[in-house]
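This report describes selected features of one structure. It begins with internal space and then turns to strand pairing and to individual residues.

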Amino acid sequence: MAEIKDPENTIIIELKDGPVTIELLPDVAPKHAERMKELARAGAYDNVAFHRVIEGFMAQTGDVEHGNMEKDYNPRRAGTGGSDKPDLPAEFSKLPHDRGTLGAARSQNPDSANSQFFINFGDNHFLNGQYTVYGRVIDGMEHVDKIARGEPPANPDRMISVKVAADA
């Protein structure tokens, strides 16, 4: 288990194969880090599917509107929704989209990120400066690597629970 330096800015995602510890980067992307903590504390991410998982690229999840596999799950709409909170402005930085970084998913509009995010399987530097990086996996990337692939996956994996480490 990785050492958690700042429990208030650390997220623990429970996957079928084990926990994934994510260090949020509030100094880099404060609004995105705050939104993730807000939705985690509300339980909004619990049971949300990984609706778009591309081998060698990334695993996308976080559609709290259509992606909850325990409540009104719609595989055709998963990936099109967000939360009831307003969209976030882009918080681009010089941080590269390296393996294990967390990126804010959005539409064509750079200021449309809301609740969805992706975890990079590899170094995806073509995304640099176009998508907000606001966290990094510090432990459990081997569990992320086992997430079922597909767009959408035939049998999608889910985030069983998402907690702020300070609350766990």
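The largest cavity is lined by H32, R35, M36, Y45, L88, A104, A113, N114, S115, Q116 and Y134. On a 1 Å grid over the protein atoms alone, a cavity is a set of points where a 1.4 Å probe fits but cannot get out, and lining residues have an atom within 4 Å of a point. The model is predicted: local features need pLDDT of at least 70 and side-chain atom pairs pLDDT 80 or more, while totals for chains, interfaces and linings use all residues. Residues are numbered from 1 along each chain as its sequence is written, and side-chain values use heavy atoms, with hydrogens and water left out.

A search of the whole structure yields one cavity of 30 Å³ or more. The largest cavity holds about 50 Å³ of space, a volume being the space filled by probe spheres set on grid points joined across faces, edges and corners. Helix α1 (residues 30-41) supplies the largest share of its lining, three residues. Helices (H or I, at least four residues) and strands (E, at least two) are DSSP runs, numbered from the N terminus. The lining comprises six nonpolar, four polar and one charged residues; Ala, Val, Leu, Ile, Met, Phe, Trp, Tyr, Cys and Pro count as nonpolar, Asp, Glu, Lys and Arg as charged, and the others, Gly among them, as polar.

Strand β8 (residues 133-139) takes part in two antiparallel pairings, set out below. Two strands pair if DSSP finds at least two bridges between them.

| Partner of β8 | Bridges | Residues facing each other |
|---|---|---|
| β2 (residues 18-24) | four | L24 and G135 |
| β6 (residues 101-104) | three | T101 and R136 |

Strand β5 (residues 58-61) contains T61. T61 has a relative accessible area of 0% and is therefore buried (under 20%; exposed is over 50% and partly exposed in between, with a 1.4 Å probe and protein chains only). A polar atom of the T61 side chain lies 2.8 Å from the backbone oxygen of A49. Beyond its neighbours within four places in sequence, T61 is in contact (heavy atoms within 4.5 Å) with V48, A49, F50, H51, Q116, F117 and M159. Of these contacts, Q116 is also listed in the cavity lining.

N109 belongs to the loop between β6 and β7 (117-120). Its relative accessibility is 40%, so N109 counts as partly exposed. The C-alpha atoms of N109 and A90 are 9.2 Å apart, with their positions 19 residues apart along the chain.

Note on methods: A polar contact is a pair of N or O atoms within 3.5 Å; within protein, one must be able to donate a hydrogen and the other to accept it, and residues adjacent in sequence count only if both atoms are side-chain atoms. On a 1 Å grid over the protein atoms alone, a cavity is a set of points where a 1.4 Å probe fits but cannot get out, and a pocket is an open set with protein on both sides within 12 Å along at least five of seven lines; lining residues have an atom within 4 Å of a point.
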